[in-house]
Protein chains: 2
Amino acid sequence: MTRATSAEQVAAWAALPAIDLWVAFASDAWIDGPAADGVPVAQVADATAFAVFEAMRAAGVDDVRRVGVLAESSAGIEAGRRAGAGAVVGVGGPELVNAEPDAVVAKDKFGDLYALRFAAARPFRPQVLLNPGPALTSDAVKHAAAGVDLCHREPEFTLLDEGIRAKIRRVAEVGDDWAVVLLAGSGTGANEASVRASVRPGRRALVVVNGVYGDRLLTIAQRAGIPTAVYERGWTEAADPDEIASRVASEPDLDALVVVHHETTTGLLNPVAEIAAVAGEAGLRVVVDGISSFGAEELELSGSGIDFLTCTSNKCLQGLPGAAFVLVSPAGLERIGEVPPTSVYLDLSGYLRGVEASSVPFTPAIPALASLDAALDEVLALGAADHLRRYAARAQVLDEVLEEIGLEPIVPGEHRSRTVRSIPLPTGVDYLPLHDELKRQGYVIYAGQGPLAKEIFRVCCMGALEPDVLRSFGIHLRRAIDRQAVPA
Amino acid sequence: MTRATSAEQVAAWAALPAIDLWVAFASDAWIDGPAADGVPVAQVADATAFAVFEAMRAAGVDDVRRVGVLAESSAGIEAGRRAGAGAVVGVGGPELVNAEPDAVVAKDKFGDLYALRFAAARPFRPQVLLNPGPALTSDAVKHAAAGVDLCHREPEFTLLDEGIRAKIRRVAEVGDDWAVVLLAGSGTGANEASVRASVRPGRRALVVVNGVYGDRLLTIAQRAGIPTAVYERGWTEAADPDEIASRVASEPDLDALVVVHHETTTGLLNPVAEIAAVAGEAGLRVVVDGISSFGAEELELSGSGIDFLTCTSNKCLQGLPGAAFVLVSPAGLERIGEVPPTSVYLDLSGYLRGVEASSVPFTPAIPALASLDAALDEVLALGAADHLRRYAARAQVLDEVLEEIGLEPIVPGEHRSRTVRSIPLPTGVDYLPLHDELKRQGYVIYAGQGPLAKEIFRVCCMGALEPDVLRSFGIHLRRAIDRQAVPA
């Protein structure tokens, strides 16, 4: 289970080895070898799955995923697989690759491999990710990524693809008149595709800039050759719908408004519902970057004035990174038809033709999509509204935890998102030592961006993460700060 | 094992259920329920991993991955996981989602789930993919995609990222003076990024068009606002380096040459080494779409005149889809610095700044990268030269198989790739019935594109696929054609 549900689990992730027992088939070499660094190695004579289970019973280890199998033959590798071992390592020459172990090593290299992947202090281990995505995902989500190989021109892929788009509509609570475009790439790809499709030749885009991501949207429009107007605010100031209304009224050549819902830079929410209402009223198409808000923040799309909402698989929907999508309103679809494409890979019209033909224009990110499908199943099993409430409740826990330590986020309370907190570094506390100490406890925090890099740190609560874990994190955060801070 | 190594394995994939034994914890409902459609269900009293192993021993099933666990409680779900069961299904309400089974179903919906994912005729099952990617991948490659959740700003991600780039250089046999840009997306994304970076303002690109993918490169350049010249040939005619040399000599405003190495449309190879030599000699930067050739076809890059070589994770390197990359020569790097970016997501200069800072500009497709890393390990364990030889040997087997049936690919022998064959549909044989009959045997073939859609079918041999499987495929192909063809 890679879901963070308790402080004990986090401690185990931080401290325990991933492999509790190595089972070596017919090999003397490992009993006292480099694997034996506090980890028992059981030698068994026959290379069968049942021999692994017997070794487990003898050693009192009951989780086959925490058992590693060391094999010098293809039969041993296959027996390790059949037993469901957490790791199967071939010891010998490259010909063992054909039997598909997790790794093949020479005997004298096993120590290095063990240190990197399986030992207590290994860098590749489950951690509580408190960065703004990729977030922790469930085993089922990860398992889906490792599913069967699929050809994207076969009906089973179409089943997956259409299922995902239907599930996204259900989460978004929109009807079939909204289109869902899926693409392989990060959220920035979905943003660029949307911005390129939203402005007719000879017209301008009004871009809201109050953080790194609004600034990136502006660069996207500029590099795409779209004339722009800028509405700029400070990084902790939400956009003002009234000010936008007067900008829109006074600049009649505006064709689209482009705005970030949740500025991950700081954890600031822009009031996109109100902004879209005034922009839509004035006849503008509205592009909302919902990459770090969709699935966490309340936002009614139907009839809102929002025409393009972008999102990614790996943040608040709790899938794996690699896929992004755009929800397009009926008016947005009409606009796409009026704008000559200026890209092939980031051309929404091409993706929409694919949707109509039950096809896709380019090879999709199948593992990321299979994971997204599993993640959407989890959101819908809970209920989309309850998923949002879970995010709201967890944000409240995070705010309580920070308040108890006396830490005040830089964004005013009324504009804070449910997932990101930017917190001034206390006097005497530098980011890197704070980060490194918390990481040793199993928690990954996040640095500030741009001018904030030396001023703040960020704590985020996206993903498969229980509130109790945030409470335990608070204890470690207080300790780490107390150790480093200069008394006031 | 999802590697296709034998006819028996393929037959098993096509015919056998994925789950041979369901173990139900403390539940009467399943003994005669819909799961019992020829599949044994063992009821056990206590929800422990060892109870699963005992049920397996009693039933004579020794592969825990072919065991499914049905559980009505979180403890049962977790015990199924610990046992390493191939599937863990929660039976009951949505609260079971928290325990992270592979699926949660109501009792009366298990039959549907079983049919879709676990029964003999399920659509989601391993098949021999004879389409031009995504190809079959090994278990280790898929396993890597389901690894731990990672934050891309942590050193362990940098370790992965830098490791992949170093391994790609080793496979390509180029030095550290070549850069490797990784991006999240399909190969078309890498192509568009390369084309955009290759032509200075006011100059033109010469695009070689002799198939769907050359045509797409032309569209990419046109939509990016790059003035173009076109060198066109028929779809089964390789580009002629002499003709290109005279074009280049007579049109002095050309700044780049853009060419597909392997036209997946037909299986045609363009002589890109010779083309790059003449274009490079004339001072042009050369963009080669190596998406379906890299890892399969011989191509020396160092000193070749090639400046941008694009590729993807999911074809001849045998990773999963979702990541793409560009190999950039020293002269290509210089060119990137001279071209103002016209995209944000597809801007090579931004990715290169990331590489220099040991960082990435956008959230990377981590699962696809982890898989690519594992796939590169497999290529390098065998040796890059032997990997190429494996592709050459397998192509020869495919050609023998086709020749025995009397099928002649449309591309002349001297221009054929090692991975794709376009074969005229025999008289009386339509694509869909042929496809469907072969799919029932476990083989997925591929349709023609554009005007060839009704004329040909394609058989490809990328991926984790042994030559013997192609021989068995040949037997099924002959039978399917004999059944449908009109005698001459």
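A residue counts as exposed when its relative accessible area is over 50%, and as buried when that area is under 20%. With this cut-off in hand, a few places in the structure, which is a predicted model, can be read one after another.

**Unusual backbone angles**

A:Glu173 is found in the loop between α6 (155-172) and β7 (179-184) of chain A, and because its relative accessible area is 58%, A:Glu173 is exposed. A:Gln318 sits in another part of chain A, in the loop between β14 (306-312) and β15 (323-328), and because its relative accessibility is 6%, A:Gln318 counts as buried. Phi is positive in both residues, near 55° in A:Glu173 and about 70° in A:Gln318, although the latter is not a glycine. Such values deserve notice because most residues other than glycine have a negative phi, and most peptide bonds are trans.

The peptide bonds bring two further cases, one in each of chains A and B, and both end at a proline. A:Pro134 is found in the loop between β6 (128-129) and α5 (139-145) of chain A, while B:Pro134 lies in the loop between β6 (128-129) and α5 (139-145) of chain B. The table sets out the angles.

| Place | Angle | Value |
|---|---|---|
| A:Glu173 | phi | near 55° |
| A:Gln318 | phi | about 70° |
| A:Gly133 to A:Pro134, cis | omega | near -10° |
| B:Gly133 to B:Pro134, cis | omega | near -5° |

**Helices in chain A**

In helix α2 (residues 49-59) of chain A, the buried residues are A:Ala49, A:Phe50, A:Ala51, A:Val52, A:Phe53, A:Ala55 and A:Met56. What covers these buried residues includes β1 (21-25), β2 (41-44), β3 (67-71) and α3 (74-82) of chain A, together with α2 (49-59) of chain B. Just after α2(A) comes A:Gly60, which takes a positive phi of about 75°.

How do the axes of helix α9 (residues 241-250) and helix α10 (residues 272-281) of chain A cross, and at roughly what angle? These axes come within 9 Å of each other and cross at roughly 20°. Because angles under 35 degrees count as roughly parallel, α9(A) is roughly parallel to α10(A). The crossing of the two helices is right-handed. Where they meet, α9(A) brings A:Pro241, A:Ile244 and A:Ala245, whereas α10(A) brings A:Glu274, A:Ile275 and A:Val278. By class, this contact has five nonpolar, no polar and one charged residues.

**Two buried residues**

A:Leu452 is found in the loop between β18 (446-447) and β19 (456-460) of chain A, and at 15% relative accessibility A:Leu452 counts as buried. The C-alpha atoms of A:Leu452 and A:Thr266 are separated by 9.0 Å, although these residues are 186 residues apart along the chain. Leaving aside residues up to four places away in sequence, A:Leu452 touches A:Trp235, A:Thr265, A:Thr266 and A:Ile410.

In chain B, B:Arg3 is found in the segment before α1 (7-15). Is B:Arg3 buried or exposed? B:Arg3 is buried, because its relative accessible area is 3%. Its side chain makes a polar contact with the side chain of B:Glu466, at 3.3 Å. Beyond four places away in sequence, the residues that B:Arg3 touches include A:Asn98 and A:Glu100 of chain A, as well as B:Gln9, B:Trp13 and B:Glu466 of chain B.

How values were computed. Residues numbered from 1 in each chain as written. Chains lettered and ligands numbered in written order. Predicted model: local features only at pLDDT ≥ 70, side-chain atom pairs only at ≥ 80, totals over all residues. Heavy atoms only, no water. Helix = DSSP H or I, 4+ residues; strand = E, 2+ residues; numbered from the N terminus. Buried < 20%, exposed > 50% of the residue type's maximum accessible area, 1.4 Å probe, protein only. Polar contact = N/O pair within 3.5 Å; in protein donor to acceptor, adjacent residues only side chain to side chain. Contact = heavy atoms within 4.5 Å. Axes fitted to C-alpha atoms, helices over the stretch in contact; angles between N-to-C directions. Parallel < 35°, antiparallel > 145°, perpendicular 65-115°, else oblique. Left-handed = near helix turned anticlockwise from the far one by under 90°. Nonpolar A, V, L, I, M, F, W, Y, C, P; charged D, E, K, R; others polar.
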